[in-house]
Amino acid sequence: DDCERLKRLRSMRIKKDIIPAILTKDLGELQEKVNRVDDFVDWIHIDIMDGMFVPDTTISVADIARLQRTADIEVHLMMFHPERVLEDCREAGVRRVVFHMEGTQDPRGIIHEISKQGLRKGIAVSPETSVEKVLPYANLVDEVMFMGVNPGKSGQTFLSHVSSHIRSFKEHFPNTACAVDGGVR
């Protein structure tokens, strides 16, 4: 039975989208990078870091409202208490919010709050977090984002064990969208 399920998974055509990710502290640099890709993509991924969940900080959600772009914006909230910025996300024109499983004690509550704002929902999983922790929430979100690196720094090498996390997740939820962030070449 498991062999049949694996064969079925392997035979499925997987849709692959490339969404450029931007991590910056500078609004001018953000606009410049958005300008480079805006005509070529449907989505742009922007990292928002609070200096507590990860050691560094980036631009704020409010800065996104100032961007000139046509692509939809997905924010990756690498922060504790993401509920504090969800209304700001909606007001800034964000279309999808991805929050970290490890950044909240109440993932279900955050998912509910994102829905109340009328936004698409994603949940991110750090490389050392077990897949089992995200399974109870997989049917409640539009995508599960697997971090291929430890969150917070660009330019890291993809951690190979994350591939097995993704395979394990897809065995449980073959129709739920997966994203991979960090170290992807």
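## Aromatic pairs

Phe80 is partly exposed, at a relative accessible area of 34%. The model is a predicted one. Phe53, by contrast, counts as buried because its relative accessibility of 17% falls under the 20% limit.

The count of aromatic pairs in the model comes to three. One of them joins Phe53 and Phe80 in an edge-to-face arrangement, with 5.3 Å from centre to centre and 80° between the planes. Phe53 belongs to the loop between strand 2 (43-49) and helix 3 (61-64), and Phe80 to the loop between strand 3 (72-78) and helix 4 (86-91), so this pair ties together parts that are 27 residues apart in sequence.

The rings of Phe146 and Phe169 are also paired: their centres are 5.6 Å apart and their planes stand at 65°, so this pair too is edge-to-face. Since Phe146 is placed in strand 6 (residues 143-147) and Phe169 in helix 6 (residues 161-172), the pair ties together parts 23 residues apart in sequence. Phe146 is buried, with a relative accessibility of 2%, and Phe169 is buried at 0%. Ring pairs extend this arrangement to Phe173, linking Phe146, Phe169 and Phe173 into a cluster.

## The parallel sheet

Seven strands form an open sheet in the order 1-2-3-4-5-6-7, and their pairing is parallel. The edges are occupied by strand 1 (21-22) and strand 7 (177-181); each has a single partner strand, so one side of each is left without a neighbour in the sheet.

At the strand 1 edge, the parallel pairing with strand 2 runs over two bridges. Ile22 stands opposite Ile46 of strand 2. At the other edge, helix 6 lies across strand 6 and strand 7, and the helix runs at about 160° to strand 6. Helix 6 and strand 6 are also the elements that hold Phe169 and Phe146, respectively.

## A charge over a ring

Which ring lies beneath the charged end of Arg96? The charged end of Arg96 sits over the ring of Trp43, at 4.0 Å from the ring centre.

## The surroundings of Cys89

Cys89 is located in helix 4. Its relative accessibility is 0%, so Cys89 counts as buried.

Leaving aside residues up to four places away in sequence, Cys89 touches Val61, Val75, Val94, Val97 and Leu119. For one of these residues, Val61, the C-alpha atom is separated from that of Cys89 by 6.1 Å, although the two residues are 28 apart along the chain.

Notes: Residues numbered from 1 in each chain as written. Predicted model: local features only at pLDDT ≥ 70, side-chain atom pairs only at ≥ 80, totals over all residues. Heavy atoms only, no water. Phe/Tyr/Trp six-rings, centres within 6.5 Å; stacked < 30°, edge-to-face > 60°. Helix = DSSP H or I, 4+ residues; strand = E, 2+ residues; numbered from the N terminus. Buried < 20%, exposed > 50% of the residue type's maximum accessible area, 1.4 Å probe, protein only. Lys NZ or Arg CZ within 6 Å of the ring centre and 35° of its normal. Contact = heavy atoms within 4.5 Å. Pairing = 2+ DSSP bridges. Axes fitted to C-alpha atoms, helices over the stretch in contact; angles between N-to-C directions.
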